[in-house]
Amino acid sequence: MDNLRTYRDEDDEEDEQSKPTTAAAAISTAEPIEPPEPTTDDPDTDTLNPPSTDPQNGSKTETEASESLSESIKSQEIDNDDDDPPPKKQKQLSSLTAAPSPDQDQTPPPLPISNGSAAAAPTAPNSKKSKKKNNNVWVTKSTRKGKKKSKANNNNHNAPRDDTVFITPVTRFPDKTDDTPDMTICLSKVYKAEKVEVSEDRMNAGSAKGYRMVRATRGAAEGAWYFEIKVVNLGESGHTRLGWSTEKGDLQAPVGYDGNSFGYRDIDGSKVHKALREKYGEEGYKEGDVIGFYINLPDGGSYAPKPPHLVWYKGQRYACAPDAKEDPPKVVPGSEISFFKNGVCQGVAFKDLYGGRYYPAASMYTLPHQPNCVVKFNFGPDFEFFPEDFDGRPVPLPMVEVPYHGFENRVENGVSDEKKQ
């Protein structure tokens, strides 16, 4: 029994000790307890951190109390800085929304400078938006447009440059044996179609396969000139177109095929130029007739284009020109071409010729397996039907008196050796 009473007394003591703890816990959870305000005015009294009365730690000294007070003040200042940052300066709403009055001068006042004079007014801002810089390191900052500009800017225009010279190979260069100063005018062995056959004396020409052309070695560029052609053989299917041709006349076509030649047709006596036939004579000519050719180029040398500058370069003949563009042709005033049949003038065929050199030319035609159509040239001075009257026009000279106008020019390693006669 005594033991039971002892156990009960111990249990009661434990219950009494546990009751105030739970009550204090209930009070703390229900409402927080504020610390009492200090009632003393003594500056030495520690109001923020009162000294602990814990019997285990004992009372704190004044030095420790002052250190704890300073640490608590610093912590409060840090907390205040984090919680309440200083407000930024803001513009008033009225300054942003208020519109300037029309009477008010919006020009900003001049800025004073050190020397006392007023500074210039600032310029208006550029209306265009500036391009944003590309901060991408993987993209090159230079653009293609910029590269083109940089290349153009790098060109030094002030640097001295050599004159540009254009050289083109000459398809047909006069052979040395084709014309020389010791020879007289005759048919060319170079300026003819391959199908055209020339006699040994180079006065007769014939062709059996289509219209092909041959021209003389010398041409007239100024003055009045005359020559004759006799139709030796036409055969059953032969035809001719005779006349004048410039240096650019097509040798693989009849005379009068393009704008560089002027022809007289045998069938109906029509004139041909640029492949167009026009009525000219009363009738055509036939085998055995003698056709006379008259040309007048008064002061033609002033209207003639510059001759090509032929050079010899690295074993090849070239036509050299300082400029690739050619000057437009010029018309020779009072120039004309007339044809005669057995000494009788058929009238003026062509007028207002371009300046240049005109060569006697002939083209023949025959069907295959037929004898050649043959013509014979006579450059004078003995003509069969030299006209007695030219109707007030200048009396021509025979083409045999045309001077030699060939030349030989060689250029090797920049040294020129030009010979003209």
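Of the 421 residues of the protein chain, 29% count as buried, where buried means under 20% relative accessible area with a 1.4 Å probe, protein chains only. The model is predicted, so local features need pLDDT of at least 70 and side-chain atom pairs count only at pLDDT 80 or more, while totals for chains, interfaces and linings use all residues. Residues are numbered from 1 along each chain as its sequence is written, and side-chain values use heavy atoms, with hydrogens and water left out.

**Exercise 1. The open sheet**

Work out the strand order of the seven-stranded open sheet and find its edges.

*Solution.* Begin with the inventory: the protein chain has four helices and 20 strands. These are DSSP runs numbered from the N terminus, with at least four residues for a helix (H or I) and at least two for a strand (E). Next, follow the pairing, which requires at least two DSSP bridges between two strands. The order is E2-E5-E16-E7-E8-E9-E10, with antiparallel pairing. The edges are E2 (187–192) and E10 (276–278), each of which pairs on one side only. From one strand to the next, the twist averages 30°, taken between N-to-C directions of lines fitted to C-alpha atoms, on a scale from 0 to 180 degrees. To check one end, look at E2 and E5 (residues 212–216), joined by two bridges; lysine 192 stands opposite valine 214 in E5.

**Exercise 2. A charged residue under cover**

Find the nearest side chain of opposite charge to arginine 241 and list the contacts of this arginine.

*Solution.* First locate arginine 241 in strand E7 (residues 239–245). This arginine is buried and has no salt bridge, a term that asks for a Lys or Arg side-chain nitrogen within 4 Å of an Asp or Glu carboxyl oxygen. Aspartate 266 is the nearest side chain of opposite charge, 6.3 Å away. Now collect contacts (heavy atoms within 4.5 Å). Beyond neighbours within four places in sequence, the partners include Tyr211, Tyr264, Tyr285, Arg265 and Arg277.

**Exercise 3. Two faces, two partners**

Sort the residues of strand E17 by face, then trace the bridges of lysine 376.

*Solution.* Recall that side chains in a regular strand alternate between the two faces of the sheet. In E17 (residues 373–378), Cys373, Val375 and Phe377 make up the covered face, and Val374, Lys376 and Asn378 the uncovered one. Then turn to pairing: E4 (residues 204–207) runs antiparallel to E17 with four bridges, and E6 (residues 223–233) does so with five. Lysine 376 stands opposite asparagine 204 and is also the bridge partner of lysine 230.

Methods
Buried < 20%, exposed > 50% of the residue type's maximum accessible area, 1.4 Å probe, protein only. Lys, Arg positive; Asp, Glu negative; His and termini not counted.
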